[in-house]
Amino acid sequence: MLQVHPNNNPSSESADLRDPGSHLDSRWANVPSEQWQDWHWQLANRIRTLEELRDLVQLTPDEEIGIRRATERFRMEITPYFAKLMDPNDSTCPIRRQVIPSAAELLVTHSERVDPLAEKEHTPVPGIIHRYPDRVLFYPTIHCAAYCRFCTRSRIVGHVEETIPFHELERAFEYLSAHHEIRDVVISGGDPLTIGDAKLEALISRLRSIEHVELLRIHTRVPIFLPQRITPKLTDMLKKYHPLFMSIHVNHAKELTPEATQACAQLADAGIPLGGQTVLLKGINDNVATMKKLMHELLKVAGTSHMRANVNTGIEIIENLRGHTSGYAIPTFVIDTPEGGGKIPIGPEYLISNKNGHIVLRNYRNEVYEYVDQEDGPTD
Ligand SMILES: *Cc1c(COP(=O)(O)O)cnc(C)c1O
Ligand code: SF4
């Protein structure tokens, strides 16, 4: 069911084009493979400073300012594995732009808020966001494997002072146990897969023991930032807690390396249904070709997909996918509304008019069709 895409190895593809002055390839050349494959090593050796990064890629003045200033507000950490996917000479590289701050990050526009989704208002106890009637977001950690510059939770994520000590999660469990209407728990963060196996199992088994919680979902970017984390030990543990779904945050086809694809395959082989979530990012993936490629690649490793943000571009992308490619490759485009309105699906309008059961529609080629609705539903 899952295949590893043979033509998707960005590191070998661009190796020859690299600036000989860049140490991206040589920096970790002497790291033994067991170490490189060890997720603890990857986390411990993350790139955190301007000096380290300058040694790896040709930073632009804009990036230098970004790193100097923005990291005071929101930390920069990049796993060696993900850093190696960066193009050392091209600052428009989609991998680079997601994890290296730019000076523009310092400008907070009028419509940007510290808490854009008004999550604070919907936080009854630490670690829980309860916005929808039957499901909650549970965030047991504020840590991620690497930090995305566009994170909507940057007020919490990566800030040590926002850490919820493990024993304080007790209140979250009590809340979940007391609210019988909650049948679905989205385990998010931070990134829940940055938690070690033992603690993670303690959390998941605790959630599983709440009878009315039917569904568990893990939202993660770990298969992309740190595929080494997906070990047989982890998947064997997760297997015990079905039904367990996973939604993987992927923004560009370049992220779907053989390693990431393999990690997704291991999760799927453990019987975990995979979904994808993509954030629509200006200059990174907000055009039809890039998004189509991503959706096609994603379809090989995951099932369904969600996409968030920039409205007109988003609608245009959906317009150019629907009818033009497999229905399974078309994400649901949602806007996560400010002030806590939740996610609202939007898309191109295909309904031209709907009067007295007379429906006028257009198809993906803009051809108009009429359809007469039955007054009473069909009888059988
Ligand atoms: C996205 C989200 C969910 C899950 O929503 P679905 O539409 O079921 O994927 C739940 N709670 C919060 C606060 C969310 O932001
Ligand atoms: S992985 Fe998710 S929570 Fe972590 S920084 Fe990226 S967007 Fe934010």
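**Note on the ligand site and selected residues**

1. Lys 343 has a polar side-chain atom that lies 2.8 Å from an oxygen atom of ligand 1. The protein as a whole covers 85% of the 380 Å² of accessible area that ligand 1 has on its own. These values, like the others in this note, come from a predicted model.

2. Two arginines also place polar side-chain atoms by oxygen atoms of the ligand: for Arg 135 the distance to an oxygen atom of ligand 1 is 2.6 Å, and for Arg 217 the corresponding distance is 2.8 Å.

3. The full set of residues surrounding ligand 1 consists of Ile 129, Arg 131, Tyr 132, Arg 135, Leu 137, Val 186, Arg 217 and Lys 343. By class, this shell divides into four nonpolar residues and four charged ones, with no polar residue among them.

4. For the overall picture, the protein has 380 residues, of which 49% count as buried, and its secondary structure comprises 14 helices and 12 strands. Among the contacts with a separation of 6 or more, 73% are accounted for by residues 24 or more positions apart. The protein exposes about 18600 Å², and carbon and sulfur atoms supply 51% of that area.

5. A reader may wish to look next at the aromatic residues, since the structure holds five aromatic pairs. In one of them, the rings of Trp 36 and Trp 41 have their centres 5.7 Å apart and their planes at 45 degrees, so this pair is classed as tilted. Trp 36 has a relative accessible area of 13% and is therefore buried; Trp 41, at 13% relative accessibility, likewise counts as buried.

6. A further pair is formed by Phe 74 and Tyr 147, whose rings meet edge-to-face, with 5.8 Å from centre to centre and 80 degrees between the planes. This pair links distant parts of the chain, given that Phe 74 belongs to the loop between α5 (61-70) and α6 (80-83), while Tyr 147 belongs to the loop between β2 (135-138) and α8 (170-178), 73 residues apart. Both Phe 74 and Tyr 147 are buried.

7. Returning to the tryptophans, Trp 36 and Trp 41 belong with Trp 28 to one aromatic cluster.

8. Thr 257 deserves a separate look: this residue is found in the loop between β5 (244-249) and α12 (258-269). Is Thr 257 buried or exposed? Its relative accessibility is 1%, and Thr 257 therefore counts as buried. The side chain of Thr 257 makes a polar contact, at 2.5 Å, with the side chain of Tyr 81.

9. Arg 54, by contrast in accessibility, counts as partly exposed because its relative accessibility is 41%, a value that falls between the limits of 20% and 50% used for buried and exposed residues. This arginine is found in helix α4, which covers residues 50-56. Which residues does Arg 54 touch once its neighbours within four places in sequence are left aside? Arg 54 is then in contact with Leu 59, Glu 64 and Arg 68. From C-alpha to C-alpha, Arg 54 and Pro 88 are 9.6 Å apart in space, and in sequence they are 34 residues apart.

Conventions
Residues are numbered from 1 along each chain as its sequence is written. Chains are lettered from A and ligands numbered from 1 in the order in which they are written. This is a predicted model: local features need pLDDT of at least 70, side-chain atom pairs count only at pLDDT 80 or more; totals for chains, interfaces and linings use all residues. Side-chain values use heavy atoms; hydrogens and water are left out. Helices (H or I, at least four residues) and strands (E, at least two) are DSSP runs, numbered from the N terminus. Buried means under 20% relative accessible area, exposed over 50%, partly exposed in between (1.4 Å probe, protein chains only). Contact means heavy atoms within 4.5 Å. Accessible areas come from the Shrake-Rupley method with a 1.4 Å probe; for residues, only the protein chains shown count as cover. A residue is near a molecule or strand if one of its heavy atoms lies within 4 Å of it. A polar contact is a pair of N or O atoms within 3.5 Å; within protein, one must be able to donate a hydrogen and the other to accept it, and residues adjacent in sequence count only if both atoms are side-chain atoms. Ala, Val, Leu, Ile, Met, Phe, Trp, Tyr, Cys and Pro count as nonpolar, Asp, Glu, Lys and Arg as charged, and the others, Gly among them, as polar. Rings of Phe, Tyr and Trp (its six-membered ring) pair if their centres lie within 6.5 Å; planes under 30 degrees apart count as stacked, over 60 as edge-to-face and the rest as tilted.
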